[in-house]
Amino acid sequence: MSTKVNYEEVEAVGGGLHFLRDELGCEHLGVSVLECEPGWTGKPHDHADEGQEEVYVLVEGAATVTVAGDEVPMEAGDALRIDPDERRQIENGDAESTFVLVGAP
């Protein structure tokens, strides 16, 4: 069975984070779209308790993702894999950015 949803029709959490996992009926894969305003900074966090690795794909804009204390500059088209226990934080640049965030145990 396949499921289709437009992320813009899913209510955003925290301003611009659209969680699609439930809407798509995913059992093991988390998929979200994050729309960042200029200068936005996300909450530092990790997923060690869930054992969930993540991949951040920057679709549009420019941002920096700090992973385990290391700053990783990102441009549109870049993808970054992050281990579950690594602390991460997104810091958006001077223009709007859009990320696709994917995670799974």
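**Exercise 1.** Which residues of the largest nonpolar core touch the most other members?

*Solution.* Start with the ground rules. This is a predicted model: local features need pLDDT of at least 70, side-chain atom pairs count only at pLDDT 80 or more, and totals for chains, interfaces and linings use all residues. Residues are numbered from 1 along each chain as its sequence is written, and side-chain values use heavy atoms, with hydrogens and water left out.

Step 1. A nonpolar core is a set of buried Ala, Val, Leu, Ile, Met, Phe, Trp, Tyr and Cys residues joined through side-chain atoms within 4.5 Å. Buried means under 20% relative accessible area, exposed over 50%, partly exposed in between (1.4 Å probe, protein chains only).

Step 2. The largest core has 14 residues; L34, Y56, V65 and F99 touch the most other members.

Step 3. Now take the strands (DSSP E runs of at least two residues, numbered from the N terminus). β2 (30-36), β3 (53-60), β4 (62-67), β6 (79-82) and β8 (97-104) each supply at least two core residues. The largest share, 3 residues, comes from β4.

**Exercise 2.** Place H47 and decide: is H47 buried or exposed?

*Solution.* Step 1. H47 sits in the loop between β2 and β3.

Step 2. Its relative accessible area is 15%, so H47 is buried.

Step 3. List its contacts (heavy atoms within 4.5 Å). Neighbours within four places in sequence aside, H47 is in contact with Q52, E54, P84 and R88.

Note on methods: Helix = DSSP H or I, 4+ residues; strand = E, 2+ residues; numbered from the N terminus.
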